[in-house]
Amino acid sequence: MADALETALAQAETLLEWPQTPQWQLERPELLTQLQRVVAAPDFLAPEYHPFAAEVTFEGSWYGLKVRGLIDRVDRKGEQLMITDYKSGTSKPQGVQDAGGRLSLDLQLPIYLQAALPSLWPEFRPAGAAYFSLRSARVIDRVRLPGSELEAFVERVHAQLSLGALPPRPDPALKACEFCRFEAVCRGGARAARKVAPWA
Ligand code: SF4
């Protein structure tokens, strides 16, 4: 893989018609060095696994919800499949709200494992899923499947959808609002804080 990086990057540049600006000429060697470090890292590929698929789109069903997405990489060992999701930073993504309202319940990897793999390759066995940081070249978290918490989340979603009741209910620290573009619609901020959902 390390030996193939230079050629693969050149192919990607051609495919994307990447502009060869002076800035890119400076950034390119840095990127190659970073990629070399990533593929050489022990966490990059689990022992005895080999890359099986990359950038795969999927649609499936998860606890009765229709889901779709795109998986960065799937590795295979015999009949087992392992998922890797790349992160450019060093922290895993915010989850959805847990029972206490904190954004700690990860859905992405459970959906990949429980909905995407069975939908794409039902003949194989899902073996695991992990977030891999490209910056630190290591696994930053692995999939957890807290069945009762995931079921409670889905039940809440089903209830809200069936009732058509979707009052704003951001997490107490308002982290979800930091990058949200719908503040004008939900009237976020102090007003949203006063309008608490009945099940909160
Ligand atoms: S700004 Fe409004 S819609 Fe966006 S996350 Fe916050 S509460 Fe939800």
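Is K87 buried or exposed? In this predicted model, K87 has a relative accessibility of 17% and therefore counts as buried, since the limit for a buried residue is under 20% relative accessible area. K87 takes part in a salt bridge with D85, and the closest N and O atoms of the pair are 2.8 Å apart. The partner, D85, has a relative accessibility of 3% and is likewise classed as buried.

The pair K87 and D85 belongs to a wider set of charged contacts. Seven salt bridges were found when the whole structure was searched. Another of the pairs joins R73 to D75, with 2.6 Å between the closest N and O atoms. Both residues of this pair were assessed for accessibility. D75, at 2% relative accessibility, is buried. R73 is also in the buried class, with a value of 5%.

A further salt bridge links D98 and R102, whose closest N and O atoms lie 3.0 Å apart. The two ends of this bridge fall into opposite classes: D98 is buried at 7% relative accessibility, whereas R102 is exposed at 55%. The value for R102 places this residue in the exposed class because that class begins over 50%. Elsewhere, E6, E13 and R28 are connected into one network by salt bridges that share partners.

The surroundings of the ligand were examined next. Seven residues are listed around the ligand, namely P168, P170, A176, C177, C180, E183 and C186. Sorted by class, this shell contains six nonpolar residues and one charged residue, and no polar residues. The charged member is E183. The cysteines C177, C180 and C186 are counted with the nonpolar residues, as are the prolines P168 and P170 and the alanine A176.

Accessibility was computed for two of the cysteines in the shell. C177 has a relative accessible area of 30% and is partly exposed. C180, with 37% relative accessibility, is also assigned to the partly exposed class. Both values lie between the limits for buried and exposed residues, so neither cysteine is placed in either of those classes. Although C177, C180 and C186 all surround the ligand, the search of the whole structure returned zero disulfides. No pair of cysteine sulfur atoms therefore meets the cut-off of 2.5 Å.

Methods:
Residues numbered from 1 in each chain as written. Predicted model: local features only at pLDDT ≥ 70, side-chain atom pairs only at ≥ 80, totals over all residues. Heavy atoms only, no water. Salt bridge = Lys/Arg side-chain N within 4 Å of Asp/Glu carboxyl O. Buried < 20%, exposed > 50% of the residue type's maximum accessible area, 1.4 Å probe, protein only. Near = heavy atom within 4 Å.
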